Amino acid sequence: MEAAARELLPPPVYDFFAGGADDENTLRDNVSAFDRLRLVPRVLCGAGRPDLPTPPVGAMPVVLAPTAFHRLAHEDGERATARAASAAGVVMVVSMAATVAVEEVLDAHRGVDPDAPAPWFQLYPQPDKAFMERLVKRVEAAGCGAFVLSVDSPVFGHRRRDVRNGFLDLPEGLHCENLRDPDTGAVRTIAFDPRSGWDCVRRLRETTPLPLWLKGIAHPDDARLAVRHGAAGIVVSNHGGRQLDGMPAAIDLLPSIVDAVGGRIPVLMDGGVRRGTDVVKALALGATAVGVGRPVLWGLATAGEAGVTRMLDLLRAEISRALALCGVARPSDLTRSVLCG
Ligand code: FNR
């Protein structure tokens with residue numbers, strides 16, 4: 001799908017989606033670290049056909065990670081993604097940098113299956129607290145089920161492909177619709193705020209009754225702080241290799257964080273998940289579910305809603321087959337013992 005998307009997208013857009021920070025070492029490692037892990041199946045387990053539902057996320061242990069600017073990939077943008085997520089019963093995390101307003105994304109989602117798990121909404125901490133509070137209320141009113149605060153972006157990563165391509169802003173006609181002022185019609189830019197601290201988590205928890213996840217946790221001490229600050233869950237992530245180059249692969253960060261959290265809250269991971277066997281490896285290391293970022297964009301670019309559906313169909317079939325081949329009946333039954341070494 002990535003190869004097909006690359007054929008179709010303008011090269012600067014492909015580079016914006018595919019690229020990472022600086023030398024892209026972390027970007028490459030996210031994928032290659034999965035390849036280094038090997039699975040050792042048990043036989044004659046009599047486990048039957050695997051069952052994929054994965055509380056608290058959805059119909060399978062996969063969520064759509066928040067990614068910016070879906071209308072760069074397909075005219076319908078986030079509406080197409082939402083329809084595919086709804087049909088598949090998986091959680092879509094709507095990016096703060098979505099190019100369709102959250103109300104319209106939620107309408108598209110409800111239009112397919114009103115009972116599907118509600119999308120979540122990703123936020124970057126904004127220095128303008130009053131704006132942040134208004135946005136939170138707007139997202140609640142739209143019907144999102146949780147917030148995901150991305151905490152790995154005190155400044156914006158240095159993406160050399162984008163600098164080289166001069167890809168520094170959205171093209172004419174596309175905007176971050178969730179940053180539009182309802183009174184003036186003006187669209188703000190997202191601020192990256194190096195002064196934000198844990199008080200931001202405290203304030204958000206006082207602002208909204210919805211579950212608050214923290215995304216971009218890499219250090220076990222921060223995982224413990226997240227638990228202490230009442231996070232509903234955390235997402236282990238290096239932002240798909242787009243922020244601090246030189247970080248370990250996300251899958252390599254996972255085990256020590258799972259140990260630090262000790263089952264108190266669910267732990268998700270994202271970065272480099274491309275196959276059902278990658279999902280199985282992450283679950284075996286203690287993730288409750290995984291996020292996929294770029295695969296959604298490749299699906300969107302190739303065929304809009306149908307492309308995202310196709311990507312999810314492939315993943316579902318691969319996860320189910322990999323679980324069966326490992327002799328396991330459901331995602332939560334996987335343990336580290338299925339991994340070699
Ligand atoms: C992202 N990611 C991201 N994360 C976030 O919290 N808010 C955002 O707006 C974006 N935007 C974004 C755009 C693009 C083009 C990419 C590729 C990624 C990071 C994303 O949520 C996730 O952490 C990674 O994409 C996971 O890695 P894979 O699955 O792309 O390898």
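Let's start with a strand pair in this predicted model: E2 (residues 93-94) and E3 (residues 120-123) run parallel and are joined by 2 bridges. Across that pairing, Val-94 sits opposite Phe-121 of E3. To get from one strand to the other you go by way of helix H5 (residues 102-112), and E2, H5 and E3 together form a right-handed β-α-β unit.

E3 also has a partner in strand E4 (residues 147-150); the two run parallel, with 3 bridges between them. Here Leu-123 is the residue facing Leu-149 in E4. The chain gets from E3 to E4 through helix H6 (residues 129-142), and this β-α-β crossover is right-handed too.

So what covers E3? In a regular strand, side chains alternate between the two faces of the sheet. In E3, Trp-120 and Gln-122 are on one side, Phe-121 and Leu-123 are on the other, and all four are buried, which leaves both faces covered.

Now hop along to helix H10 (residues 250-261). With 12 residues at 1.5 Å each, it should span 16 Å, and its end C-alpha atoms are indeed 16 Å apart, so the two agree. Which of its residues are buried? They are Ala-250, Ile-251, Leu-253, Leu-254, Ile-257, Val-258, Ala-260 and Val-261. Look down the axis of H10 and these buried residues fall within an arc of 155 degrees, so they line one face of the helix.

That buried set packs against several elements, including helices H3 (25-36), H9 (220-228) and H11 (276-284), along with strands E5 (212-217), E6 (233-236) and E7 (267-270). Right after H10 comes Gly-262, with a positive phi near 55 degrees.

Technical notes: Residues are numbered from 1 along each chain as its sequence is written. This is a predicted model: local features need pLDDT of at least 70, side-chain atom pairs count only at pLDDT 80 or more; totals for chains, interfaces and linings use all residues. The expected span of a helix is 1.5 Å times one less than its number of residues. A residue is buried if 20 or more other C-beta atoms lie within 10 Å of its own, exposed if 12 or fewer, and partly exposed in between; C-beta atoms are placed from the backbone. The arc is that of the directions from the helix axis to the C-beta atoms. Two residues are in contact if their C-beta atoms, placed from the backbone, lie within 7 Å. Two strands pair if DSSP finds at least two bridges between them. A crossover is right-handed if, with the strands pointing away from the viewer, the path from the first strand over the helix to the second runs clockwise.
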